[in-house]
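Trainee: Could we go through this structure together? I would like to learn where the labels come from.

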4 protein chains.
Amino acid sequence: MSAALPRRALAEFLGTLLLVTVVVGSGIMAQELSPNDVGLQLLENSTATVFGLGVLIVMLGPISGAHFNPVVTLADWFLHRKLTGSDVGIYLVSQIAGAIAGAILANAMFDKPAVGWSTHDRSAGHLLLGEVVATAGLALVIFLLTRAGNARVAPVAVASYIGAAYWFTSSTSFANPAVTIGRAFSDTFAGIAPSSVPGFVVAQLVGGAIGLALVAGLYGGPLRHEAA
Amino acid sequence: MSAALPRRALAEFLGTLLLVTVVVGSGIMAQELSPNDVGLQLLENSTATVFGLGVLIVMLGPISGAHFNPVVTLADWFLHRKLTGSDVGIYLVSQIAGAIAGAILANAMFDKPAVGWSTHDRSAGHLLLGEVVATAGLALVIFLLTRAGNARVAPVAVASYIGAAYWFTSSTSFANPAVTIGRAFSDTFAGIAPSSVPGFVVAQLVGGAIGLALVAGLYGGPLRHEAA
Amino acid sequence: MSAALPRRALAEFLGTLLLVTVVVGSGIMAQELSPNDVGLQLLENSTATVFGLGVLIVMLGPISGAHFNPVVTLADWFLHRKLTGSDVGIYLVSQIAGAIAGAILANAMFDKPAVGWSTHDRSAGHLLLGEVVATAGLALVIFLLTRAGNARVAPVAVASYIGAAYWFTSSTSFANPAVTIGRAFSDTFAGIAPSSVPGFVVAQLVGGAIGLALVAGLYGGPLRHEAA
Amino acid sequence: MSAALPRRALAEFLGTLLLVTVVVGSGIMAQELSPNDVGLQLLENSTATVFGLGVLIVMLGPISGAHFNPVVTLADWFLHRKLTGSDVGIYLVSQIAGAIAGAILANAMFDKPAVGWSTHDRSAGHLLLGEVVATAGLALVIFLLTRAGNARVAPVAVASYIGAAYWFTSSTSFANPAVTIGRAFSDTFAGIAPSSVPGFVVAQLVGGAIGLALVAGLYGGPLRHEAA
C-alpha cells in the first residue's frame, strides 16, 4: 500500500467496478440460463463471485489494500489509523462510483438498459438480521487474519467467506454498502430496490461494529493497534 | 494457542456457533430455493459448508486450535496432554452451547421459530456406520497432518474432507457431537430428531477411536506423543 | 523458461491442445448429460475448465511460461522483450495448431466427426463487448500479478478468473484467439461459427490492449519493464 | 517415504480403499438424490472426488507417496528406481485389495449387498480412447511436477486434474487399474461391468506410457532420472 493516492483510488474504483460486474453479470447469466431453479441460479452466481472476488483481492491488494467496501475502509481507519480522513473519503467515493459503473457495465454486456432501477424489495426484518450477521462475519474474517499475521490468506479466506454467506444468511450477504448501492442500478437477479438500500446499509454498519467488538473480545488488549 | 482460557472458550463458542449457522442456514436456503432436487440441495449445502468451515478454522485456529468438535478436543487431549481436564470441560461446554445458539441464529435469520425440534429420523443402522466412517476419517485427516508437521494445511484439508464426506457417507457426515446436538434444534433440511442424537454421538466416538488407532498403525511408535 | 525453443513450442502446443480438449470435451459431456438446463451445462463446463486450466499452467509454466494464448504472448513480448520475434511466431503457430488438434481430439473421444464446423453464431455487439471485458480482465490479472512479484499464484488466479468470466461476461469469455479458432472446429456446446471468429479475435486484441493500459495506470512508470 | 514397508502398504491399502469409497459412495448418493439429471449426478460425484482425493494425497503422501494407482507405482519404479521389485508387488496388491474393500464399504454404508457386480458396460472404442487420454494426462501432471520440483502442489493439482478429466474425457476418467477393478464390485452409478475391466486396464497402461514419453519430450535428457 505504498502506491500514490490516485493509483490507490483507481484500484478501489476498478476493483469495486469489477466486483459488481461479477455479481450482477453472473446473476443475469444464471437467471437467463437456469430459469427453473432459483437455487441453481444462486449457486451459479455465488460460485462466480467466489472466483472473481478472490482474484480481485490478490491482484489489487498490493496497490490499495483491496477494500472495495466502505465498511472495511472505515474499520481499517478506526483500527489502524494508517489512512487519513481524506484518504477515507476518496476510498469511499471511488468504491461507490465503481459500484455504479460496474452495474452499468454488466447491464451493457447483457444488452439491458444501461440503468434499470431494481424492483426487488429486500426490506423484511429477518433479511436485515442477515446483513448484520453477514457483515459482522466479514469483519471478523478480515481483522482476525490481520491480527494473527495471516493477511496473505485473505484473498482465499474472504472469497470463501462470501461463498458461504451467500447461502447461510437470509439476505444472500451483500455485506458492503457500495456494492448495495451499485446493485440498485440493475433490475435483474442481484438487484435491490432503492428503497431497501438504506436499511441494508445501516444493518451493515451495525454488523461491522459487532464484528470489531468480537475481534476485541477474542484478542483482548486495545482494539486499536498497529497491524503487522 | 497461547490465548487465555476465556478467549479460547469464546473462540470455540463462536466458531461452533457459526459452523452450525452455516450448516443449518445454508440447508434452509437450499431447501427453499431448490425444492425439486434433494441432491442439488445437498450440493448447495455442502459447498457452503466447505467454504465456511475452512474460513472458521483459519481465523480461529490461532486462538483456540479451532476444534469446534468434542471428538477433536478429546482426541487432542488423549494424544497430546496439552489441554488440562478443566480445559477439556470448558471446550466441550462452549462447543455445545455454541452449536445450539448457532441453530437458533439460523432459525431467526430465516424467519423460523427460534427453536423447532427436528422430526428427521436418522436411526437406521447403515447411517450409524456412515457416522463411524465419517468420524474415523476426520480423525485420520487431523492427526495425520499433525504427525507429519502439516497442520498449516488443515483449514483446507478438513474443509475438503467434510465436503467429500457429505457425499460419500450415507449419513452426510455430521462427525461432530456438538454439531449433532445443535442440529436437533431446527426442523429443517439439516436437522436430526432428538431421538436419533444419542446413536449418532456413540457412532462418532467409536469412529474417533478407530481413527486414532489407524493413525497409530500408520506411524507406529507410541500413540501419545508431543505434537510438533 | 530456460528450456530450448522446440521444447517450449511443444509445451505451448500440448497445453493449448489440452485446454481446448477440456473446454470442448466437458461441453459435450455437459450437453449430453444435462439436456434440460443450459445453465447447469455451463456450470459443469466452467467447473471443469477451472480445474483443467489451473493444472495446465502449473505443470507447463516452468517450461514455456504457459501462455496458451496469443494475446498473452503478444503482451508478454510487448512488455518484457524476453521473447524474440521468431519466438513469438513459433508460440502463436504452436498455440493455434494445438487448439485445432484439441478440438479434433475432443470430437474423437466423444464419437463425433473429427471436424464439425460449429454453427453457433456469436456475432451480436454485446457479445463482442463481453470479449473486450473478458480479455482486458485476463491481461489485468496476469500482468498485475507479474508486476507485484506474485506470479507464483497465477495458476490459481488465472483459472479462477476464467471461472468467474464464464459467467459475468455475456460471451462466456473465450478471451483467447487460438482457443477461439479451435472452438470453430466442433459443432457442440462450446463451438463458435467460423464467421464469428474474426469479430471475437479483434475484440480480444482490443481488450488485451485496454488491460495493459490499465496496468500502466495502476502502477505508473514505464509500461515496458523487466519482470522480476 | 522413509516409513517401513508394512506401514507404507497400509497407507496404500487405506488410501485406495477410501478413494474408492469416495467415488462409489458419492455416486450412490448422487444417483439416489438427483434422479432426474445424470449430469448433476456426475457433478456431485466429481466434486466429492476432487475434495476426497486431494485430502487423501496430502495426508498419506508423507508415508507411502500416496500412489493409490498401479500406473503411478509402475511409472515411479520405471523412472526413479527407488522402489524395489518387491515393493512394487506389495504396493499393487495393497492397492487392488484396498479398492475392492472400498467398494464393499460403500455398498455397506448405503445398505446395498456387500458385493454387486456392475452391469454397466463400458467397452466402446471411444471410451477406451478416453482412458488413454485420461491416464496420459495424469502421468503428465504427476511427473512434470516431480521434474520441476513442484511435488508439494501435487495434492491440489492431481485432484483438480481428476475433477476436469471426469468431464473432458468420454470415459469419465477412471485412469487407475486398481480403482477400475474395485468399481466392478458395485452395481451403482460408478460401476463398470467386469467384462469391460480388461480393456480399461490396457488403455490405462498405454496412456501411462504415452504420458511418460511426453514428459521425456518436454524435458529432454534421459527419461530415467533421480527425482529431486
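Mentor: Gladly! Let us begin with a definition: a salt bridge is a side-chain nitrogen of Lys or Arg within 4 Å of a carboxyl oxygen of Asp or Glu. By that rule, a search of the whole structure finds 8 salt bridges over all chains. Keep in mind that this is a predicted model, where local features need pLDDT of at least 70, side-chain atom pairs count only at pLDDT 80 or more, and totals for chains, interfaces and linings use all residues. Residues are numbered from 1 along each chain as its sequence is written, chains are lettered from A and ligands numbered from 1 in the order in which they are written, and side-chain values use heavy atoms, leaving out hydrogens and water.

Trainee: What makes R8(A) and D87(A) a salt bridge?

Mentor: Their side chains meet at 3.7 Å, N to O, and the rule asks for within 4 Å, so the pair qualifies. The two are 79 residues apart, with R8(A) in helix 1 (residues 5–33) and D87(A) in helix 4 (residues 85–109) of chain A. Helices here are DSSP runs (H or I, at least four residues), and strands are E runs of at least two, numbered from the N terminus.

Trainee: Why is R8(A) called buried?

Mentor: Buried means under 20% relative accessible area, exposed over 50%, and partly exposed in between (1.4 Å probe, protein chains only). R8(A) has 11%, so the word buried fits. D87(A), with 9%, is buried too.

Trainee: How do you know that K112(C) and E32(C) form a salt bridge?

Mentor: Their closest N and O atoms are 3.3 Å apart. K112(C) sits in the loop between helix 4 and helix 5 of chain C, while E32(C) is in helix 1, 80 residues away in sequence. K112(C) has a relative accessible area of 31%, so it is partly exposed; E32(C), at 43%, is also partly exposed.

Trainee: Why is T135(C) called buried, and what does it touch?

Mentor: T135(C) has 1% relative accessibility, so it counts as buried. This residue belongs to helix 5 (residues 125–147) of chain C. Contact means heavy atoms within 4.5 Å, and T135(C) touches V71(C), A175(C), Q204(C), G207(C) and G208(C), leaving aside residues up to four places away in sequence.

Trainee: What makes chain A and chain C relate by a four-fold axis?

Mentor: A turn of 90° with a shift of 0.0 Å along the axis lays chain A on chain C, at an RMSD of 0.0 Å. That is the relation of a four-fold axis. Copies are superposed by least squares on the C-alpha atoms of residues with pLDDT of at least 70 in both. In chain A, L40(A) comes closest to the rotation axis, at 5.5 Å (C-alpha).

Trainee: How do you know that chain D and chain C are in contact?

Mentor: 34 residues of chain D are in contact with 30 residues of chain C. The area buried between them is about 2700 Å², and carbon and sulfur atoms give 80% of it. Buried area is the accessible area (1.4 Å probe) that two parts lose on being put together, summed over both. In chain D, W167(D), F168(D) and L218(D) lose the most area to chain C. The rule finds 0 salt bridges across this interface. By contrast, chain B and chain C do not touch, and their nearest C-alpha atoms are 11 Å apart.
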